[in-house]
Amino acid sequence: DDVPTRADERLTGAMADDLAPAQAQLAGSSRPLMPIDVDPGAAELARSARSASPAVRAQLDEILPARVAGQEERVLTQAFDLATPPGATSRSLADQTKDIVNRRAADAAANYGPINSIPIDDPRIAGILQRPTFKRAYANAVKVAADSGEPIPSLSSLIDADGNLTGPIPLGTLDRVKRAVDGVLQVGRAQRGLDSTAEATIVGARAEFVSILDELVPEYAAARSAFAGDSALLDATILGQKLFNTRPAEAAAILEELGESEREMFVRGAFDELADRLGRVPSNRDISKVNPLSPSPNNLARLRLLFPDDEAFATFQRGLGEEALMAQTLRFQTGGSQTFDKATAFAEFAGVDLADMAGLMRGDVGNVGVRFAQRMATGLRNRSLRQTADELLPMLTATGDEAASVLDQVIRLRQGVGASLSIQDAAIAVGAGSAGAAV
């Protein structure tokens, strides 16, 4: 009898001599990786077992597609965890926006309170307020501010007949002016009521306005970074949603100009767009090859902007690599449907010479058939091939701690330390749980 039929014998004989790399990959992953993902011999054995047992075929054809179908959720969850501050709990953009605005607004009181009463009396402020385009924006800002519950004074009460400030203006008042202009820009963009030239002029004037206040009161820059106002945060969200259609250098320059609170919303907006794009990907497609996750230089540069450091981005990339592994396993295990592929896999699993199998396929039933029958009879006498395949399945598709245990048992058996049945017993005991964990 030269046909090994025991599940543990098949597994120990099929897997790589050095299992340390596979063990390291399983240990360092949060994904539902299986031995068939990290060891080519185990993958070949699973393919052969699938050809020998209808039950194995049915289970693999259920487990593997379901596992790949979960890739969008895994990718987005990991990205969200790596890129957002600790304590963030929801990926819903509406919930995120509300959470950030509330959190930042609550913190802002301590930052803005001590500086709101500082008097500002700088002729450059008067010059900006009187620019024609900014004056028109200011008129709309008065309405926006009144609707928001944070009214601002009329322009005529700030500028005298000679074009000078009527007197020192509290910083808190000028900050409300800035936020009201933010609101005008937001409404104009949403309703397409601003042409690009007017928008660029207002944005430029606002930036100059804020720069002067930062220069006069450095604490204002720090306070605004922590909380720039509702409209500014919503603007940052929209910029983030456009990230994947923006040149990387331009996106990096935009981020450089944003305060801390705005950067947080930029990242949330980008992830909202990423979720929308991935949601349109067929469930059986390798998500790591889909824009904007495919590894082109521009995609990599854009994605890197979303993570706080190189280590977090590298962790995200490793996760994408593992998703690619699982998609590759699905293709390899279920993609070979041709008759010759099936015959080859079954011949290998049954211990039959491929030439003999080819002879049978040609109709040569003489001595070839006798040898085939003898081999099959020997295999069935010890343990049916289907039973062996069925017992292999939970070992080959184990995940998490169970997968690590399978590899450890293989090593122990090779060293003559473990009992020959322990790997089967352990795997069979976790079989149903492994299949469930995989999906």
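1. Let me start with isoleucine 125, which sits in helix α8, residues 123-129. Keep in mind that this is a predicted model. Isoleucine 125 has a relative accessible area of 0%, so it counts as buried. Setting aside neighbours within four places in sequence, isoleucine 125 touches Ile120, Leu165, Leu174, Phe209, Ile212 and Leu213. There is also a long jump along the chain here: isoleucine 125 and glutamate 208 are 83 residues apart in sequence, yet their C-alpha atoms are separated by 9.1 Å.

2. Now the overall picture. The protein has 23 helices and two strands. Of its 439 residues, 47% are buried. Looking at contacts with a separation of 6 or more, 77% come from residues 24 or more positions apart. Several of the points below are examples of contacts between separate parts of the chain.

3. On to helix packing. In general, two packed helices are described by the angle between their axes and the distance between the axes. Take α9 (residues 132-148) and α11 (residues 196-216): their axes come within 9 Å and cross at roughly 90 degrees. That crossing angle makes α9 roughly perpendicular to α11. On the α9 side the contact uses Thr133, Phe134 and Ala137, while α11 brings Ala198, Thr201, Ile202, Ala205 and Arg206. Sorted by class, that is five nonpolar residues, two polar and one charged.

4. The second helix pair is α4 (residues 40-52) with α5 (residues 54-69), where the axes come within 5 Å and cross at roughly 120 degrees. The two helices are therefore oblique to each other. From α4, the residues involved are Ala46, Ala49, Arg50, Ser51 and Ala52, and they meet Pro54, Val56, Arg57, Leu60 and Asp61 of α5. The class count for this contact is six nonpolar, one polar and three charged.

5. Arginine 50 deserves its own paragraph. This residue is in helix α4. Is arginine 50 buried or exposed? Its relative accessibility is 7%, so arginine 50 counts as buried, the cut-off being under 20%. Beyond the neighbours within four places in sequence, arginine 50 is in contact with Val56, Arg57, Leu60 and Asp61, and also with Gln333 and Thr334. The Thr334 contact spans a long stretch of chain: arginine 50 and threonine 334 are 284 residues apart, with 8.9 Å between their C-alpha atoms.

6. Another arginine to look at is arginine 47. Arginine 47 lies over the face of phenylalanine 332, at 5.0 Å from the ring centre.

7. Next, the aromatics. How many aromatic pairs turn up in a search of the whole structure? The search finds four. One of them joins phenylalanine 271 and phenylalanine 307, with 6.3 Å centre to centre and 80 degrees between the planes, which is an edge-to-face arrangement. Phenylalanine 271 belongs to helix α15 (residues 260-278), and phenylalanine 307 to the loop between α16 (297-304) and α17 (310-334), so this pair ties together parts that are 36 residues apart in sequence. Both rings belong to buried residues: phenylalanine 271 is at 9% relative accessibility, and phenylalanine 307 has a relative accessible area of 5%. Ring pairs also link Phe271, Phe307, Phe313 and Phe316 into a cluster.

8. Staying with α15, have a look at glutamate 273, which is placed in that helix. With a relative accessible area of 17%, glutamate 273 is buried. What does glutamate 273 contact, leaving aside its neighbours within four places in sequence? The partners are Gln241 and Phe244. Glutamate 273 and glutamine 241 are 32 residues apart in sequence, but 5.2 Å apart in space, C-alpha to C-alpha.

9. One backbone detail to check in the viewer: asparagine 291 and proline 292 are joined by a cis peptide bond, with omega about 5 degrees. Where is proline 292? Proline 292 is in the loop between α15 and α16.

Notes:
Residues are numbered from 1 along each chain as its sequence is written. This is a predicted model: local features need pLDDT of at least 70, side-chain atom pairs count only at pLDDT 80 or more; totals for chains, interfaces and linings use all residues. Side-chain values use heavy atoms; hydrogens and water are left out. Rings of Phe, Tyr and Trp (its six-membered ring) pair if their centres lie within 6.5 Å; planes under 30 degrees apart count as stacked, over 60 as edge-to-face and the rest as tilted. Helices (H or I, at least four residues) and strands (E, at least two) are DSSP runs, numbered from the N terminus. Buried means under 20% relative accessible area, exposed over 50%, partly exposed in between (1.4 Å probe, protein chains only). A charge sits over a ring if NZ of Lys or CZ of Arg is within 6 Å of the ring centre and within 35 degrees of the ring normal. Axes are lines fitted to C-alpha atoms, for helices over the stretch in contact, and angles run from 0 to 180 degrees between N-to-C directions. Angles under 35 degrees count as roughly parallel, over 145 as roughly antiparallel, 65 to 115 as roughly perpendicular and the rest as oblique. Contact means heavy atoms within 4.5 Å. Ala, Val, Leu, Ile, Met, Phe, Trp, Tyr, Cys and Pro count as nonpolar, Asp, Glu, Lys and Arg as charged, and the others, Gly among them, as polar.
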